[in-house]
Amino acid sequence: LTYKWKMGTTETLPHTDGFAVGLYATDHSWVTLESHDDQDIEGVWQQDVIYLNAFEGSTLSLRFTFSNDNYYPTLFDLDEIHLCGCIE
């Protein structure tokens, strides 16, 4: 799994807004693969690369979740999301 993300914020309090990338299983369990918050570098495209080999053969849903408090907005942009598989 690869994707690019960029964050912009007006938040003044630390670690109150963020996003997470995870897998949601049919038994309703959630595994967080990566997370970022309003303290990350602002205004710069970054790339995450996540290896999913440990989940081979599982039926899962990929989810991007975002959270904001009710005070100052934080925006997370996502682009170039790729989920690739290889056969050896």
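Strand 2 (residues 18-25) and strand 5 run antiparallel and are joined over 8 bridges. Two strands are taken as paired if DSSP finds at least two bridges between them. Strands here are DSSP runs of E with at least two residues, helices are runs of H or I with at least four residues, and both are numbered from the N terminus. Within this pairing, Gly 22 stands opposite Arg 63 of strand 5.

The model is predicted: local features need pLDDT of at least 70, side-chain atom pairs count only at pLDDT 80 or more, and totals for chains, interfaces and linings use all residues. Residues are numbered from 1 along each chain as its sequence is written, and side-chain values use heavy atoms, with hydrogens and water left out.

**The two sheets**

Strands 2 and 5 belong to an open sheet of 3 strands in the order 3-2-5, with antiparallel pairing. Its edges are strand 3 (30-37) and strand 5 (60-67), each of which pairs on one side only. Neighbouring strands of this sheet are turned by 15° against each other on average, direction ignored. Such angles are taken between N-to-C directions, run from 0 to 180 degrees, and use axes fitted as lines to C-alpha atoms.

Another open sheet of 3 strands has the order 4-1-6, and its pairing is antiparallel. Strand 4 (46-49) and strand 6 are at the edges with a single partner strand each, so one side of each is left without a neighbour in the sheet. The twist from one strand to the next averages 30°. Strand 1 (residues 2-9) is joined to strand 4 by 4 bridges, and the two run antiparallel.

**The chain as a whole**

The chain has 6 strands and 0 helices, and its elements run β-β-β-β-β-β from the N terminus on. Along the principal axes, the C-alpha trace spans about 45 × 30 × 15 Å. The accessible surface comes to about 6100 Å², of which 51% belongs to carbon and sulfur atoms. Accessible areas come from the Shrake-Rupley method with a 1.4 Å probe; for residues, only the protein chains shown count as cover.

Of the 88 residues, 25% count as buried. Buried means under 20% relative accessible area, exposed means over 50%, and partly exposed lies in between. Among contacts between residues at least 6 apart in sequence, 74% join residues at least 24 apart. A contact means heavy atoms within 4.5 Å.

**Selected residues**

| Residue | Place | Relative accessible area |
|---|---|---|
| Tyr 3 | strand 1 | 0%, buried |
| His 28 | loop between strand 2 and strand 3 | 60%, exposed |
| Glu 80 | strand 6 | 41%, partly exposed |
| Leu 83 | segment after strand 6 (74-82) | 59%, exposed |

Tyr 3 has Asp 48 in strand 4 as its bridge partner. Leaving aside neighbours within four places in sequence, the residues in contact with Tyr 3 include Phe 19, Val 21, Glu 34, Phe 64, Leu 78 and Ile 81. Asp 48 and Glu 80 are also among the contacts of Tyr 3. Tyr 3 counts as buried because its relative accessibility is 0%.

His 28 is 25 residues from Tyr 3 along the chain, and their C-alpha atoms are separated by 24 Å. The phi angle of His 28 is near 70°, a positive value in a residue other than glycine. Glu 80 likewise has a positive phi without being glycine, with a value near 50°.

**Salt bridge and surface patch**

Side chains of opposite charge can pair when their charged atoms come close. The count here comes to 1 salt bridge, defined as a side-chain nitrogen of Lys or Arg within 4 Å of a carboxyl oxygen of Asp or Glu. Lys 4 and Glu 80 form a salt bridge, with the closest N and O atoms 3.5 Å apart. The pair links distant parts of the chain, since Lys 4 is in strand 1 and Glu 80 in strand 6, 76 residues apart. Lys 4 is partly exposed, at a relative accessible area of 28%.

Leu 62, Ile 81 and Leu 83 make a nonpolar surface patch of about 270 Å². Patches are made of residues with over 30% relative accessible area and no salt bridge; nonpolar side chains (Val, Leu, Ile, Met, Phe, Trp, Tyr) are joined within 5 Å, and like charges within 9 Å.

Notes
Buried means under 20% relative accessible area, exposed over 50%, partly exposed in between (1.4 Å probe, protein chains only).
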